[in-house]
Amino acid sequence: MPTHHAAILIAPQALHQALAEPGLLLLDASVELAAAAFDGDYRVASGEAAWRQEHIPGARHADLLHALADGAAGFSFALPSPAALQQPLARLGVGGARRIVIYDRHDGFWAARLWWMLRSLGIAAAVLDGGLKAWRQAGLPLAQGEEPGGGGPLPQLAPQAGFWADRQDVLAVVEGNAPGTLVCALSAALFDGSAVTRYARRGHIPGSLSHPARGLFDEGGRYLPAPQLARALGALLEGEQPLILYCGGGISAAATALALTLLGRRRVSIYDGSLQEWAADPALPMSTGAAPA
């Protein structure tokens with residue numbers, strides 16, 4: 001199976017060398033999501049304040065919580081329409097960028113989410129492997145405060161088919177009316193319902209496979225090398241069955257989508273509402289317990 005590490009991931013030293021490139025757009029996609037203390041304890045905040053305190057030189061803050069989300073959707077981080085994204089992306093400078101690199105200050109999931117969003121709009125980007133943690137560990141420079149904004153006009157966005165699934169798509173798979181494999185990217189404890197959850201109900205969507213996204217990274221927060229990544233993804237790489245990935249809010253699932261893309265897996269989509277939407281509707285089924293062996 002082909003690998004695409006060079007096109008999708010960039011190492012800290014390589015990014016450092018590229019900082020002076022004309023047309024480089026560096027985006028910090030960080031969001032602050034607190035650990036749940038009790039069921040339904042969902043606390044999320046913009047990463048803008050932390051970005052002002054510390055970021056890679058030249059990086060602009062990409063606001064996944066507000067500017068790049070549909071606030072009327074009923075769940076966080078909902079994908080806006082292409083028309084609604086046109087101006088926010090233009091203000092970030094996407095239109096004038098020759099090269100886009102995304103990172104975050106946490107576990108790489110937020111960067112993967114923005115990468116998937118841009119990819120679904122026909123915009124190529126790369127992700128800093130290991131994020132800000134890897135940048136710091138490499139002893140590379142950091143900046144504070146605001147960064148110059150603006151950029152050229154953004155050409156009309158070109159949405160690509162097959163990147164996103166909605167509740168009806170998932171329900172069709174659950175009920176056996178459409179082909180597909182549901183994959184939960186949350187931890188095993190969240191999947192089986194033994195851990196406190198941020199969402200309205202514990203557990204997972206019935207029939208899902210459990211593939212925690214954190215298992216795709218090494219101890220330093222970098223994606224595993226291709227052979228190890230293939231072992232971690234296992235049967236998800238086999239066949240052409242459509243994969244619908246989900247988690248709590250379509251964030252951890254994006255890291256799994258990126259890993260699958262690295263290894264050339266096609267027919268992958270993310271359920272945008274994920275458990276924020278699904279678990280909140282008591283009419284939709286939920287299961288607890290481990291997945292069948």
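How many of the five residues of strand E6 (residues 99-103) are buried? Four of them are, so strand E6 is largely enclosed by the rest of the structure. The model is a predicted one.

Start with the neighbours of E6. Strand E2 (residues 24-28) pairs with E6 in the parallel sense. Five bridges join E2 and E6. Within this pairing, Asp28 stands opposite Tyr103 of E6. Strand E7 (residues 126-128) also pairs with E6, again in the parallel sense, over two bridges. Here Ile102 is the residue that stands opposite Val127 of E7. In a regular strand, side chains alternate between the two faces of the sheet.

Now follow the chain from E6 to E7. Helix H5 (residues 109-120) belongs to this stretch. Together, E6, H5 and E7 make a β-α-β unit. Its hand is right-handed.

Next come the aromatic rings. Phe109, the residue at which the numbering of H5 begins, is part of a ring cluster. Ring pairs link Phe109 with Phe217 and Tyr223. The structure holds seven aromatic pairs. One of them is formed by Phe217 and Tyr223. Their ring centres lie 4.4 Å apart. The angle between the planes is 45°. That pair counts as tilted because 45° falls neither under 30 degrees nor over 60.

Are these two partners buried or exposed? Phe217 is buried, at a relative accessible area of 12%. Tyr223 is buried too, with 6% relative accessibility. Both values qualify because buried means under 20%.

Two backbone positions deserve a look. Which residue in the loop between helix H10 (252-262) and strand E12 (268-271) is not a glycine but has a positive phi? That residue is Arg267. Its phi is about 60°. Arg267 is partly exposed, with a relative accessible area of 49%. This value stays out of the exposed class because exposed means over 50%.

The other position is Ser274. Ser274 is not a glycine either, yet its phi is positive, at about 45°. Ser274 sits in helix H11 (residues 274-278). Its number is the one at which the range of H11 begins. Is Ser274 buried or exposed? Ser274 is buried, and its relative accessible area is 0%.

Set the two side by side. Arg267 lies in a loop and is partly exposed. Ser274 lies in a helix and is buried. Each has a positive phi: about 60° for Arg267 and about 45° for Ser274.

Key. Residues are numbered from 1 along each chain as its sequence is written. This is a predicted model: local features need pLDDT of at least 70, side-chain atom pairs count only at pLDDT 80 or more; totals for chains, interfaces and linings use all residues. Side-chain values use heavy atoms; hydrogens and water are left out. Rings of Phe, Tyr and Trp (its six-membered ring) pair if their centres lie within 6.5 Å; planes under 30 degrees apart count as stacked, over 60 as edge-to-face and the rest as tilted. Buried means under 20% relative accessible area, exposed over 50%, partly exposed in between (1.4 Å probe, protein chains only). Helices (H or I, at least four residues) and strands (E, at least two) are DSSP runs, numbered from the N terminus. Two strands pair if DSSP finds at least two bridges between them. A crossover is right-handed if, with the strands pointing away from the viewer, the path from the first strand over the helix to the second runs clockwise.
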